[in-house]
Amino acid sequence: MTMWVGLFLLSLLVVTQIPVTGLCASTGPSEWRQRMPTHYVASCASYAIVGASLVVLSHRLPSLVVSEWRAYGATLVANSVLVFMGDVVTWGRATWWKCADVALVCVSLAWTARVALALPEQATTIIVVGMCVALVCKRMASRSLVARDAASFFLWHSLWHVSLPLLGGLGLWRASQQHGAHADHDEHATGDTVTLAASAAA
């Protein structure tokens, strides 16, 4: 619980430092719109890909009930929508889309920390590393924005969008593999027990 709260506070601190002129400020200067690379736009979909996968495959994941996995996945899909609206569509304008984006990202980071703590140790480590990498990328993007370095900003901000879904997805995949292996082991153990019981009865 302490780790979850600590990561949430860290995410709130780092994320809200990015729009240096205010929480609902534009992601960057309006003149940078023409320089927006394709990989930056595409990176907005990364949360939706992982979120949709969680909704579809929630029954194969351990530790949390299916409904919570689905709710978490739906939140990640919503993240992608708000990121796209706040970081691409409304680029160059102060907008409530950006406020909603920042707020939901903080909620998602805290929820991701909760999910990580409920998983096996190896999966937890991968996801926590992903959170740390993502926050570092976000901070580097902030520095690039202050330095008025558009190319660097788009690179770091794209990595911010992609790094946590990539590593988080890897951690969840690893957890599902371990869960499947344990389920198979339990099924075989149950089958062996039934066979022994039947033999003894005979």
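Two residues are in contact when heavy atoms of theirs lie within 4.5 Å of each other. Keep that definition at hand, and let us start with a serine. Leaving aside its neighbours within four places in sequence, S176 is in contact with R60, L61 and P62. S176 is found in helix 7, and its relative accessibility of 15% makes it count as buried. Its side chain also has a polar partner: it reaches the backbone oxygen of W173 at 2.6 Å. Please bear in mind, here and below, that this is a predicted model.

Now let us step back to the whole chain. What does its secondary structure come to? The protein chain has seven helices and zero strands, so the pattern along the sequence reads α-α-α-α-α-α-α, with helices taken as DSSP runs. The chain has 202 residues, and 45% of them count as buried. It exposes about 10200 Å², with carbon and sulfur atoms supplying 68% of that area. The contacts reach far along the sequence as well: among those between residues at least 6 apart, 79% join residues at least 24 apart.

With that overview in place, we can turn to the interior. In soluble globular proteins, nonpolar side chains tend to be buried together. Here the largest nonpolar core has 26 residues, and the members that touch the most other members are L54, W69, V115 and L119. Which elements give two or more residues to this core? They are helix 3 (46-57), helix 4 (66-89), helix 5 (96-118), helix 6 (121-146) and helix 7 (150-201). Helix 6 gives the most, with seven residues. Apart from this core lies another one, of 12 residues, which includes Y40, A150, F153 and F154.

L119 is a good place to pause. Setting aside its neighbours within four places in sequence, L119 is in contact with P62, S63, W69, T124, I127, L172 and A175. W69 appears in that list, and it is also one of the residues that touch the most other members of the largest core. P62 is another familiar name, as it is in contact with S176 too.

Helix 6 offers one more residue to look at, namely V128. V128 is buried, with a relative accessible area of 16%. In sequence V128 and L117 are 11 residues apart, while their C-alpha atoms are 9.1 Å apart in space.

Next comes helix 5, which has 23 residues. From its first C-alpha to its last it reaches 33 Å, close to the 33 Å expected at 1.5 Å a residue. Its N-terminal end is capped by T95, where a side-chain oxygen lies 3.0 Å from the backbone nitrogen of W97.

Helix 5 also brings us to the charged side chains. How many salt bridges does the structure hold? There are four. In one of them K98 pairs with D87, and the closest N and O atoms are 2.5 Å apart. This pair links distant parts of the chain, with K98 in helix 5 and D87 in helix 4, 11 residues apart. K98 forms another salt bridge with D101, this time with the closest N and O atoms 3.2 Å apart. Because D101 and K98 are three residues apart in helix 5, about one helical turn separates them. Together, D87, K98 and D101 are linked in a network of salt bridges.

Are the members of this network buried or exposed? K98 is buried, with a relative accessible area of 4%. D87 counts as buried at 1% relative accessibility. D101 is buried too, with a relative accessible area of 4%.

A further salt bridge joins the side chains of E31 and R148, at 3.2 Å from N to O. E31 lies in the loop between helix 1 (2-16) and helix 2 (38-43), and R148 in the loop between helix 6 and helix 7, so the pair ties together parts that are 117 residues apart in sequence. R148 counts as exposed, at 51% relative accessibility, whereas K98 is buried.

Notes: Residues numbered from 1 in each chain as written. Predicted model: local features only at pLDDT ≥ 70, side-chain atom pairs only at ≥ 80, totals over all residues. Heavy atoms only, no water. Core = buried A, V, L, I, M, F, W, Y, C linked by side-chain atoms within 4.5 Å. Buried < 20%, exposed > 50% of the residue type's maximum accessible area, 1.4 Å probe, protein only. Helix = DSSP H or I, 4+ residues; strand = E, 2+ residues; numbered from the N terminus. Expected span 1.5 Å × (residues − 1). Polar contact = N/O pair within 3.5 Å; in protein donor to acceptor, adjacent residues only side chain to side chain. Areas by Shrake-Rupley, 256 points an atom, 1.4 Å probe, with all protein chains shown as cover.
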